[in-house]
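Q: Could you take a close look at one part of this model for me, the place where protein and DNA meet? I'd like the atom-level contacts, and then whatever connects to them.

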Amino acid sequence: MSLLNTEQQSAVEAPDGPALVLAGAGSGKTRVIVERIAWLIGERGVDARRILSLTFTNKAASEMRERISSRLGVDKLSCWMGTFHSFGLFVLRRNMDQLGRSNQFTIFDDSDQLSLMKRLIKGMPTSYSKVSPRDALQWISGLKQNLEEPEEEGAYEGEEATFAFLWKVYHRQLETVSAVDFDDLIVLTAKLFRDHEDVREKYRRWYPNVLVDEYQDTNHAQYTIARELAGPGGNLFVVGDEDQSIYSWRGADINNILDFEADFPEASIFRLEQNYRSTKSILAAANSVVSNNVNRLGKNLWTDEAGGDKVGFYQAEDGHDEAHFIVDTIAKKGWAPDEVAVLYRTNGQARVLEEAFRKKGLHYVVVGGIRFYDRKEIKDLICYLRVLVNPADSESLRRVINVPTRGIGATTLARLEDQARARQIPLLDALREAEDDDAYTSRVRNSAREVVELIDDLTWESSQIPLAELMDQLLERTGYRDYVQKSDEKDFRTRLELLDEFLSSCAEFDDKEEGSLEEYLQENALTSAVDTMEGVAASAALMTCHSAKGLEFNRVFLVGLEEGLLPHANSIFDTDSVEEERRLCYVGMTRARKTLILTAARERVVFGQRNVQDLSRFMGEVNPDVVEPLHERIQPKVVLKSEAPRADGDKLARGTKVRHAKFGRGLVRRVVGSGKKQKIEIKFDTGMTRLFVVSHTPLEIL
DNA sequence: GAGCGAAACGAGGAT
DNA sequence: CGTTTCGCTC
């Protein structure tokens, strides 16, 4: 193992008290934390249990744990390591009662939040304006992450008055069903530490050493947790890079890092500017882009590495061409797929790339996008399990109360919920009472009994039998497999496989022989896409720049360097947002060790529309001395554009008979828009109906 | 209440 | 373009 350089060494041996390590990309900041913890334990004789290390993902935590263990030569390392969210969960499970709430609670993910908010908006008094559920949640989340609450009634006008109203009913409902959202895991913990001295003192004494990685992406509530734990002059050791702050939309406050010196005047400050990851060319390219940001402390990364290959740049015709260029390059260079990453700005870009990888027969994994537990089938089962653990969770019960359909439709559900609300009892208990209530039809009463018995039996069994067995029973008794099979004839196979996959994940949990059903659910809620990335052998990784944070690869393709994509269209009117996009671009570029290839497309299909794309401003900022254009094609593209007769858009109207070069005769059903983007819907004689962009469709008017 | 097709809607990044 | 909601029929 190579020795640490002088800067790293002095950071590792920083004196007690607050310390800020400003560490550039690839400067070994994780290594510094690893060595710091090893040093605290090995040299300073600190009890490992007294160390709390907070990371951005659970994967980062477990990797850190492994490195420290092998560094110290121990099997089991008893430091507490994990994300702020898992730490919040850890604290709340033991102290929620201090806040007057049950220690047993469900964690709501964003789809739970969204459906709850949608319903709350529907049920709002008409005096409030209609708002979008997403906007409402965002407004609420923005306040929460700053540990703020809405001001008194009357302080707001228009939309904000509605948001403030929703803030109240939203949280009232969360409390009623004993649930917390992701923000609450942080916010409630921060409040617990801030307002409850006994709890704070307990944890402060237990964890005199607090370390925070990726400090630039902490929000105010997370900062409060760290500050309260460490106390004035405490051993708070934070590591971050202001150039990699890419989560302001999630409340991350870059000022936490910019103001550290002001917050902790006695803090030791260290700067790590030597990069050990990338070649000179890659570093020069990345530096030349990020140096265009005004709002930064400013540092200049350097490296002893050789220049390496120049940074490649390929401007493709369109998204397909871009994807083919990538797979062709991988094949031509003979790169092992697992040393390659393709990084993009939006998840939507994965589709075309996947297609190309499949066609080329290259193994790949898409990291992120739709999570496994977000799939409808899995979510249904999770909701059943949630009710077993938390009978007050009426939100989860209402989702599955009629899944598979058992005769409790919207009207009955509304009646049951009215009952529950009037009597202030959970939905499950309202269902219990409906069993014997003549006011309901016998069909409903039977269904109610069925659900109640199912929940009661499984609740009892959940403490007796392994989770996989419990799941089996659940599937059996609900007839869920039949339900899936019947509901959709086409892809029921994949969906049944999904169930099997879920069953094996349950069996895996059983094998670990620790933890309750409750912990299983909570663990799942906090598992990130990157956490589960490991284990897929010999595959290229396809992911967003955000997901790639903290990772590194030998070969990196950073794709879609176009205005509107990177920088994203929603950011280009605001200077601060453009700076964040630039940092995101920088993060993407600095993931590369040996090869970095940038690509852009001249045209791209966005939202089903073929658009002409401008080259990204960031591409223009890359130092041209280190760029090599790759425009000579690997396989000369055969230009075979069929010059089928083009229909004149003006003559197309509803009812016009047309002939499509590929699909044959049909009838125009509707015409949308005009000019280049005009679209028409055609119903063909074959019975098929499709939508076309007129200017790109070989059509003939009959 | 269930089931189906049509219409409308919304699409950034994620613990 | 894919998903959710709407509105109709049985």
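A: Let's start at the phosphates: in this predicted model, a polar side-chain atom of Arg-134 sits 3.0 Å from a phosphate oxygen of DNA strand B. Gly-407 also reaches a phosphate oxygen of DNA strand B, but with a polar backbone atom, at 2.9 Å. Trp-249 goes for a base instead: a polar atom of its side chain is 3.1 Å from a base nitrogen of DNA strand B.

Zooming out a bit, 29 residues surround DNA strand B, and the ones that come nearest are His-85, Arg-345, Asn-347, Thr-411 and Thr-412. On the DNA side, sugar and phosphate make up 51% of the strand B atoms that come within 4 Å of the protein. Sorted by class, the protein surface there has 17 polar residues, seven nonpolar and five charged. Two helices, α18 (410–423) and α25 (545–548), each put at least two residues into that surface. Of the elements involved, α18 gives the most, with three residues.

Now for the charged pairs elsewhere in the protein. Side chains of opposite charge can pair when their charged atoms come close. The whole structure has 55 salt bridges, and one of them links Asp-213 to Lys-29, with the closest N and O atoms 3.7 Å apart. Asp-213 is in the loop between β6 (209–212) and α10 (220–230) while Lys-29 belongs to helix α2 (residues 29–42), so this pair ties together parts 184 residues apart in sequence. Both Asp-213 and Lys-29 are buried. The two also belong to a network of salt bridges with shared partners, which takes in Glu-214, Asp-217 and Lys-549 as well.

Another pair to look at is Glu-317 with Arg-602, a salt bridge of 3.2 Å from N to O. Glu-317 lies in the loop between β9 (311–316) and α14 (319–333), and Arg-602 in the loop between β14 (592–601) and β15 (603–606), so parts 285 residues apart in sequence get tied together. Here Glu-317 is partly exposed, at 31% relative accessible area, and Arg-602 is partly exposed too, at 37%.

Strand β6, which came up with Asp-213, is part of an open sheet of six strands, paired in parallel in the order β3-β2-β6-β7-β1-β8. Its edges are β3 (80–83) and β8 (268–272), each pairing on one side only. The average twist is 15° from one strand to the next. At the β8 edge, five bridges join that strand to β1 (residues 19–23), running parallel, and Ala-23 has Leu-272 as its bridge partner in β8.

Notes. Residues are numbered from 1 along each chain as its sequence is written. Chains are lettered from A and ligands numbered from 1 in the order in which they are written. This is a predicted model: local features need pLDDT of at least 70, side-chain atom pairs count only at pLDDT 80 or more; totals for chains, interfaces and linings use all residues. Side-chain values use heavy atoms; hydrogens and water are left out. A residue is near a molecule or strand if one of its heavy atoms lies within 4 Å of it. A polar contact is a pair of N or O atoms within 3.5 Å; within protein, one must be able to donate a hydrogen and the other to accept it, and residues adjacent in sequence count only if both atoms are side-chain atoms. Helices (H or I, at least four residues) and strands (E, at least two) are DSSP runs, numbered from the N terminus. Ala, Val, Leu, Ile, Met, Phe, Trp, Tyr, Cys and Pro count as nonpolar, Asp, Glu, Lys and Arg as charged, and the others, Gly among them, as polar. Two strands pair if DSSP finds at least two bridges between them. Axes are lines fitted to C-alpha atoms, for helices over the stretch in contact, and angles run from 0 to 180 degrees between N-to-C directions. A salt bridge is a side-chain nitrogen of Lys or Arg within 4 Å of a carboxyl oxygen of Asp or Glu. Buried means under 20% relative accessible area, exposed over 50%, partly exposed in between (1.4 Å probe, protein chains only).
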